[in-house]
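Q: Please take a close look at the loops of this structure and at the residues in them that stand out.

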Amino acid sequence: METQGLASMSDGAQLRWMALGDTARQPPVVMLHGGPGLPDYLGDVAPMVADLAPVYRYDQRGTGRSPWRGRHSLARHVDDLAELLDAWEVSKAVLMGHSYGTDLASRFCLAHSDRPAGRAAADVRAVRG
């Protein structure tokens, strides 16, 4: 079952989030989409993981259903992720990032080394022949 909501950040921004699976199970997986500037596009991937662990996704600020508000920087996105985990009452999570989401996950791990339960990253780079 998917649930969704809005989480208020400390600077007044509101971020739209979605959760799939039994959110009482720990640790959950947080899927971090690419961009910045792209809304969440990992909805088709979430059910592949939700049988193993609950999956949280969100539209990063200024994308999709999360309005553009406040300062935009990698540091602010790291803070947003920490505040979302607090709003979800999640102490540790597995971070699964794609493209910009890999950068976000890496920076989050450096800033909050006690919170990641694991990290998976997929990045797409142009290959020139």
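A: What follows goes through four loop residues in turn. The model is predicted.

Begin with Arg61, in the loop that runs between strand E4 (55-58) and helix H2 (74-87). Its relative accessibility is 2%, and because buried means under 20%, Arg61 counts as buried. Two partners of the Arg61 side chain can be named. One is the backbone oxygen of Arg69, which the side chain of Arg61 reaches at 2.6 Å. Another is the side chain of Asp80, with which the side chain of Arg61 makes a polar contact at 2.8 Å.

The other three residues are of interest for their backbone. Most residues other than glycine have a negative phi, and most peptide bonds are trans. Against that background, look at Pro27, which sits in the loop between strand E2 (14-20) and strand E3 (29-32). The peptide bond leading from Gln26 to Pro27 is cis, and its omega is near -10 degrees.

Next comes Glu89, in the loop between H2 and strand E5 (93-98). Glu89 is not a glycine, yet its phi is positive, near 55 degrees. With a relative accessible area of 72%, Glu89 is exposed, since exposed means over 50%.

Last is Ser99, in the loop between E5 and helix H3 (100-111). Ser99 is not a glycine either, and its phi is positive, at about 55 degrees. The relative accessible area of Ser99 is 24%, so Ser99 is partly exposed.

How values were computed:
Residues are numbered from 1 along each chain as its sequence is written. This is a predicted model: local features need pLDDT of at least 70, side-chain atom pairs count only at pLDDT 80 or more; totals for chains, interfaces and linings use all residues. Side-chain values use heavy atoms; hydrogens and water are left out. Helices (H or I, at least four residues) and strands (E, at least two) are DSSP runs, numbered from the N terminus. Buried means under 20% relative accessible area, exposed over 50%, partly exposed in between (1.4 Å probe, protein chains only). A polar contact is a pair of N or O atoms within 3.5 Å; within protein, one must be able to donate a hydrogen and the other to accept it, and residues adjacent in sequence count only if both atoms are side-chain atoms.
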